[in-house]
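Work through the exercises below with the model open. Each task is followed by a solution in steps.

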Amino acid sequence: MNFTNPFLDRDGDKLREECGVFGVIGAKDAASMTALGLHALQHRGQEAVGITSFDGSEFYSHRGIGHVAQVFNSAERLAELPGAMASGHVRYSTTGGSGLRNVQPLFADLASGGFSIAHNGNISNAMHLKRDLVQKGAIFQSTSDTEVIIHLVATSRYPTLLDRFVDALRMVEGAYSLICMTSEGMIACRDPLGIRPLVMGRIGDAIVFASESVALDVVGAELIRQIEPGELVQVDHKGTISSHRPFGNFNARPCIFEHVYFSRPDSVLDGQSVYNVRKQIGVELAKESLAAADLVIPVPDSGVPAAIGYAQQSGIPFELGIIRSHYVGRTFIQPSDGARHADVKRKHNANRALVEGKRIVLIDDSIVRGTTSMKIVQMMRDAGAAEVHMRIASPPTEHSCFYGVDTPERSKLLAARMDIQAMAEFIQADSLAFVSIDGLYRAVGEAGRNKGCAQYCDACFTGDYPTRLTDLAERDTPDLLTLPINRVA
């Protein structure tokens, strides 16, 4: 169910979050605020964006392929989305593939009225549910797993919309943070394990929901709290807030990779500064795998906080030995294999005057396929580095994610095919080490990983999936739920 984006990472060598969601109710210019909030969440999805608004009587929607600033590029465009309630979504195409029909928020006219939904995560039994729904006569307009929720709500026989929504969610497996809109107001919720993040804030009389606290900062909202795992928060147009917990009590398993890479470093996640956690990962990495070196150099930008922590703990000077270009276009055309191999050089360049003759420690957040690490190590050697030691601020990524993260199939993950020594030889580093799983847990404030019941979802490292994976188990079943591809100019 995972797809790669050819415009963003030619080698598929970074784990990528599927999307980010934002919603506001009770604001004068709700759509404009939503666009600003989505801009702060752009790192969570750079393929497509959409906003839906409600003016008290009608729903309005605009969706497009591209970045927030490209799709919502004028005041006139935002003026087409009137109302005091709006929600939006930025996405990568992990489930359902690319195409305008899969851009969210998705909208449907139900018997009870309009229903809009924006989803961060992945439904791991979506295809199983789709087959059943299609057999009962459902007609799907997208190939997104999110549309399954709409059909489940539409076909539920409970009397109220809230009850039908809860009934629908009880049938789905996997990860979800949802922002839904109806004519009665806004609903925000997280799955019972809280795998994907969602926070709530306030600005004046308006209530705001977002995937990360940084989006609240950008729009000037105050962070109230996170939406708790399994919690459903309902806000009506009078500003009345009600909290529901219809799924019982579960041991929460939020995604630990949010701390490693996905979230912006200026966000607060589970009450902790993401930036401070990443620095502490570097501290743990230095304690566990100290290298004899002259310089600590981050792979920008994601390796910077961990490299600072590593340098502070080790006493080895921190330097910017790699300079990143921030002007690499997402649709840059690479006409040949030779040009494709130059992709890293377009994004990063060695600071030769600093690196030449030095023993260096490179700090990066993860290794997926290993191709990018190999190119960066070679770039350091070409710049005259005497030794290149690689240190990774996460454990080896040995397993695929099925909860809303775009990862290659397991056979293409370097750590699933090789031990650490073989990986070091593959990327041509003098040495390679990863932070341990317990070291990662110590960095987020735990004593270590609870083997009996892990405190986080760490399945990409351990293979310990916290939910059933029905679609994976049934993946050899013929999939007839296809739609023609939308061509977007």
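**Exercise 1. Classify the packing of α4 and α5, then describe the contact.**

Solution. α4 and α5 are oblique to each other. The model is a predicted one.

Step 1: take the geometry. The axes of α4 (residues 126-135) and α5 (residues 146-155) come within 10 Å and cross at roughly 45 degrees. Angles under 35 degrees would count as roughly parallel, and 65 to 115 as roughly perpendicular. The pair is therefore oblique.

Step 2: assign the hand. The crossing of α4 and α5 is left-handed.

Step 3: list the residues. α4 brings Ala126, Leu129, Lys130 and Leu133, and α5 answers with Val148, His151, Leu152 and Thr155.

Step 4: sort them by class. This contact holds five nonpolar, two polar and one charged residues.

**Exercise 2. Describe how α5 packs on α6.**

Solution.

Step 1: α5 and α6 (residues 161-169) pack at about 130 degrees, with axes 8 Å apart. Over 145 degrees would count as roughly antiparallel. These helices are therefore oblique to each other.

Step 2: the hand of the α5 and α6 crossing is right-handed.

Step 3: on the α5 side are Ile149, Leu152 and Val153; they meet Leu161, Arg164, Phe165, Ala168 and Leu169 of α6.

Step 4: by class, seven residues are nonpolar, none is polar and one is charged.

**Exercise 3. Which hand does the crossing of α9 and α10 have, and which residues meet there?**

Solution.

Step 1: the axes of α9 (residues 274-288) and α10 (residues 304-314) come within 6 Å, crossing at roughly 45 degrees. The two are therefore oblique.

Step 2: the crossing is right-handed.

Step 3: α9 contributes Tyr275, Arg278, Lys279, Gly282, Val283, Leu285, Ala286 and Lys287. Their partners in α10 are Pro305, Ala306, Ile308, Gly309, Tyr310, Gln312, Gln313 and Ser314.

Step 4: the classes are eight nonpolar, five polar and three charged residues.

**Exercise 4. How many cavities of 30 Å³ or more are there, and what lines the largest?**

Solution.

Step 1: count. There are four cavities of 30 Å³ or more.

Step 2: size the largest. About 100 Å³ of space lies in it.

Step 3: find its lining. Twelve residues line the largest cavity; Cys255, Cys401, Val405, Cys457 and Cys460 are the closest to its centre.

Step 4: place the lining on helices. α8 (257-262) and α18 (459-462) each supply at least two of the lining residues.

Step 5: sort by class. Eleven lining residues are nonpolar, none is polar and one is charged.

Methods:
Residues are numbered from 1 along each chain as its sequence is written. This is a predicted model: local features need pLDDT of at least 70, side-chain atom pairs count only at pLDDT 80 or more; totals for chains, interfaces and linings use all residues. Side-chain values use heavy atoms; hydrogens and water are left out. On a 1 Å grid over the protein atoms alone, a cavity is a set of points where a 1.4 Å probe fits but cannot get out, and a pocket is an open set with protein on both sides within 12 Å along at least five of seven lines; lining residues have an atom within 4 Å of a point. Grid points are joined across faces, edges and corners, and a volume is the space filled by probe spheres set on the points. Helices (H or I, at least four residues) and strands (E, at least two) are DSSP runs, numbered from the N terminus. Ala, Val, Leu, Ile, Met, Phe, Trp, Tyr, Cys and Pro count as nonpolar, Asp, Glu, Lys and Arg as charged, and the others, Gly among them, as polar. Axes are lines fitted to C-alpha atoms, for helices over the stretch in contact, and angles run from 0 to 180 degrees between N-to-C directions. A crossing is left-handed if the near helix is turned anticlockwise from the far one by less than a right angle, and right-handed if clockwise. Contact means heavy atoms within 4.5 Å.
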